[in-house]
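Let's take a friendly walk through a protein model, stopping at a few places along the chain. Keep the picture beside you and find each spot as we go.

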Amino acid sequence: MNRISYIILIFGFFFLVSACKPNKKEQKETTTVSIDSLLQLRYTKLLAYPLDSVGFPRNYNLKTKKVRKVPSKDWTSGFFPGNLWHLYLLTNNSEYMKKAKAWTVFMEKEKLNGGTHDMGFKIFSSFGEGLKVAPNAHYEQVIIDAANTLSSRFNKNVGSLRSWDFNRDTWEFPVIIDNMMNLELLFEATKISGDSTYHKIAVSHANTALENHFREDGSSYHVVVYDTITGNTKDKVTHQGYNANSAWARGQAWGIYGYTMCYRYTKDIKYLEQAKVSASFYLNHPNLRSDGIPYWDFDDPAIPNAVRDVSAATVIASAFYELNNYVNDPKYLAYADKVLNNLQTEEYILNASINAPFILKHSTGNWPKNDEMDEPIVYGDYYFLEALLRKKKG
């Protein structure tokens, strides 16, 4: 082979290699398509999950490869029907609505379960979301009935709804920050019925928590224990955080979301201000991970080797999309967008081969009990889908 032919051959080889190698734009488009396809596949896992009136999917254990099923009385039961309602709105596929209706039916008996404060989580995440999609008198009545049941846990001296009934020998009247999330049911019951009783109870609870649940830096305690006679606080402790004075990540999320929601219904500026102060604590905390997904507790000494909690991130991302509508602060949108972008990667989306009705991994349920550690959990998916809908709505 002469020198000229050799040079031409080498040039042709490099030209062929360059032509076959995708440019950065093409690589990005390929990745995007892949992730979108993976998400759609994960969605269909929820649709395909068989109906079970006594077995709502709560979490998936990646080690045992088993779905943990719970009855409707479990506080997480309403999220799975809610996920299906969300997916109908995201996909416009009527099959999701059919499945959502079927699962929602199984939740109705909980409207009379007065042994729990989690009426909003259970009934509003199922019937409430269904009411947005398919308005009907029956769903409205279920919400009113549930609000009546929840109202029975209100103590006028304390000015709050009782959270838990266990541990009575230690906690006379416990109220957890999570309970803020159940107030939406009461606000909506007043809108539906015209009876202001529910609204007034919700406002009283929000005001009491505002006074006693927050530290000066904007972080929140998990559990505040009250005296039922005087209404005074007796103790401020934790049940799921690292310790009584730590900042349990999902607890911070419940507070931010809860007071943003309360502002929506009341337009009371003090609720908006609390949401902003708590958001500032969260966003500016030195232990917040760069991808926006927090460690399960900001004060875990194991950081940076502590487990993450995707559910806390999705709750806050969803809350920030709403909060941005009231204050138009770019940092809220920036955080929410970052969380959704980072969650929509293989780092956080479950592998296609996993046959379970969940979307995201790396949520943490109850660290002190070593329960649901770094796993897919149903409410992490719920607020992720809600955040996607809120972002889409703008």
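Setting aside neighbours within four places in sequence, Asp227 is in contact with Val158, Glu172, Asn232 and Lys234. Bear in mind as you look that this is a predicted model. Asp227 sits in the loop between β6 and β7, and its side chain reaches the backbone nitrogen of Ile229 at 2.7 Å. By contrast, the C-alpha atoms of Asp227 and Met180 are separated by 20 Å, with these positions 47 residues apart along the chain.

**The sheet around that loop**

The strands on either side of the loop, β6 and β7, form a hairpin with six residues between them. In the turn, Gly231 has a positive phi of about 80 degrees. The two strands run antiparallel and are joined by four bridges; Val225, for example, has Asp235 in β7 as its bridge partner.

Which strands make up the whole sheet, and in what order? The order is β5-β6-β7, an open sheet of three strands with antiparallel pairing. Because β5 (174-176) and β7 (233-237) stand at the edges, each has a single partner strand and one side without a neighbour in the sheet. From one strand to the next, the twist averages 20 degrees. On the other side of β6 (residues 223-226), three bridges join it to β5, again antiparallel, and Ile176 has Val223 as its bridge partner in β6. As a general point, strands of a sheet pair through backbone hydrogen bonds, either parallel or antiparallel.

Helix α8 (residues 197-212) packs on this sheet and touches β5, β6 and β7. The direction of α8 makes about 105 degrees with that of β6. Several residues of α8 are buried, among them Tyr198, Ile201, His205 and Leu210.

**A second hairpin and a buried serine**

Elsewhere, strand β1 (residues 56-61) and strand β2 (residues 66-70) pair in the antiparallel sense over five bridges. Phe56 has Val70 as its bridge partner in β2. Four residues lie between β1 and β2 in their hairpin, and Lys65 in the turn has a positive phi of about 60 degrees.

Just find the loop between β2 and α3 (79-91), and you will see Ser72. Is Ser72 buried or exposed? Ser72 has a relative accessible area of 2%, so it counts as buried. The side chain of Ser72 makes a polar contact with the side chain of Glu110 at 2.7 Å. Not counting residues up to four places away in sequence, Ser72 touches several others, including Phe56, Phe106 and Lys122.

**Two helices to compare with expectation**

Try checking the ends of these helices in your viewer. Their values are set out here.

| Helix | Residues in helix | End-to-end C-alpha distance | Expected span |
|---|---|---|---|
| α4 | 12 residues | 17 Å | 16 Å |
| α8 | 16 residues | 23 Å | 22 Å |

Now look at α4 (residues 94-105) on its own. The buried residues of α4 are Tyr96, Met97, Lys99, Ala100, Trp103 and Thr104. Seen down the axis of α4, these buried residues fall within an arc of 165 degrees, so they line one face of the helix. The face turned away from that buried side carries the exposed residues Lys98 and Val105. At the start of α4, a side-chain oxygen of Asn93 reaches to within 2.9 Å of the backbone nitrogen of Glu95.

**A valine inside, and some backbone surprises**

Val378 belongs to helix α13 (residues 378-393) and is buried, with a relative accessible area of 1%. Leaving out neighbours within four places in sequence, Val378 is in contact with residues including Pro57, Phe79, Phe80 and Phe358.

Most residues other than glycine have a negative phi, and most peptide bonds are trans. Here are some places to look at with that in mind. Asn328, in the loop between α11 and α12 (330-343), has a positive phi of about 50 degrees although it is not a glycine. At 62% relative accessibility, Asn328 counts as exposed. Glu372 also has a positive phi, near 55 degrees; it lies in the loop between α12 and α13, and is buried at 3% relative accessible area. Finally, the peptide bond from Ile303 to Pro304 is cis, with omega near 15 degrees. Pro304 is found in the loop between α10 (269-283) and α11 (310-327).

Technical notes:
Residues are numbered from 1 along each chain as its sequence is written. This is a predicted model: local features need pLDDT of at least 70, side-chain atom pairs count only at pLDDT 80 or more; totals for chains, interfaces and linings use all residues. Side-chain values use heavy atoms; hydrogens and water are left out. The expected span of a helix is 1.5 Å times one less than its number of residues. Buried means under 20% relative accessible area, exposed over 50%, partly exposed in between (1.4 Å probe, protein chains only). The arc is that of the directions from the helix axis to the C-beta atoms. A polar contact is a pair of N or O atoms within 3.5 Å; within protein, one must be able to donate a hydrogen and the other to accept it, and residues adjacent in sequence count only if both atoms are side-chain atoms. Two strands pair if DSSP finds at least two bridges between them. Axes are lines fitted to C-alpha atoms, for helices over the stretch in contact, and angles run from 0 to 180 degrees between N-to-C directions. Contact means heavy atoms within 4.5 Å.
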